[in-house]
Amino acid sequence: MVTIAVDGPSGSGKSSVSKAVAARLGLAYLDTGAMYRAATLWCVRSGVALDDTAAVAAAVRAMPLEMGVDPAAPGVALDGDDVAAAIRTTDVTAVVSQVATNLDVRDELRRRQRAIIADETVGGFSGGHGIVAEGRDITTVVAPDADARVLLVASEEARLRRRSLEVHGVADATSVEATRDQVLRRDRDDSTVSTFHVAADGVVTVDSSDLDFEQTVEAVLTVVERAA
Ligand code: C5P
């Protein structure tokens, strides 16, 4: 049973890198950001006002969420309905921080995350049992005892370029500018509840600004090997 925790800001590449690391090691993969996104979509679909903190917390506690943890096909379902695409729309992205900064929501989702991570049957897709969990507070709060803990960072320029490519398919000056406000504002809003820009004690920082995807995956795998 191995647990690998990866945190980082938006655009750091943590989702794709964590998924690749999990696939290489035969481990499960947990995208905790997808859980906050699903919680947001659930509240919106249930007609709950996002500024009604008590109603949001109650809705999230009752949320019928299922997380698929196969890195080859990670899924997110609400009441049996596949919402993998719906949780990534700009409408959800624009308001997710509002739900994620609700402390009762965080308590509930952290409880569910710890249960998934502690499940001894998790993973084993090609032999190894355990999980790579990624987000903003995994190295510090959700799994501070993880076997390996990585903070994946990248320069603002690199993060904006990557997010622009992801959202607009190009990274020219206009598209990067259009992405800037969204990425930086979300980081600022998220920073009020998690300190994911600075590595906590024992957490290894990997800076991917000048690394390509494969090099970043290798860098994280090296941290995991050293921790073994
Ligand atoms: O990683 P992703 O961009 O999908 O995360 C969506 C949102 O979920 C973040 O902007 C943040 O508000 C929230 N989040 C969080 N704690 C985590 C993971 C994500 O607050 N561990």
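# Pocket and ligand contacts

Guide: The lining of the largest pocket comprises 15 nonpolar, 19 polar and 15 charged residues. This is a predicted model, in which local features need pLDDT of at least 70, side-chain atom pairs count only at pLDDT 80 or more, and totals for chains, interfaces and linings use all residues. Residues are numbered from 1 along each chain as its sequence is written, and side-chain values use heavy atoms, with hydrogens and water left out.

Visitor: What makes a residue nonpolar, charged or polar here?

Guide: Ala, Val, Leu, Ile, Met, Phe, Trp, Tyr, Cys and Pro count as nonpolar, Asp, Glu, Lys and Arg as charged, and the others, Gly among them, as polar. In the shell around the ligand, those classes hold 3 nonpolar, 4 polar and 7 charged residues.

Visitor: Why is a space called a pocket?

Guide: On a 1 Å grid over the protein atoms alone, a pocket is an open set of points with protein on both sides within 12 Å along at least five of seven lines. Lining residues have an atom within 4 Å of a point. The largest pocket has a volume of about 1,000 Å³. Its lining has 49 residues, and K14, S15, R37, R88 and R163 are the closest to the centre.

Visitor: How do you know that the ligand sits in the largest pocket?

Guide: A molecule sits in a pocket if more than half of its atoms lie within 2 Å of its grid points. The ligand is assigned to the largest pocket, so that condition is met.

Visitor: What makes the approach of R37 to the ligand a polar contact?

Guide: A polar contact is a pair of N or O atoms within 3.5 Å. An N or O atom in the side chain of R37 is 2.7 Å from an oxygen atom of the ligand, so the pair qualifies. For D137, a polar side-chain atom lies 2.8 Å from a ligand nitrogen atom. R136 uses a polar backbone atom, 3.0 Å from a nitrogen atom of the ligand.

Key: A polar contact is a pair of N or O atoms within 3.5 Å; within protein, one must be able to donate a hydrogen and the other to accept it, and residues adjacent in sequence count only if both atoms are side-chain atoms. On a 1 Å grid over the protein atoms alone, a cavity is a set of points where a 1.4 Å probe fits but cannot get out, and a pocket is an open set with protein on both sides within 12 Å along at least five of seven lines; lining residues have an atom within 4 Å of a point. Grid points are joined across faces, edges and corners, and a volume is the space filled by probe spheres set on the points.
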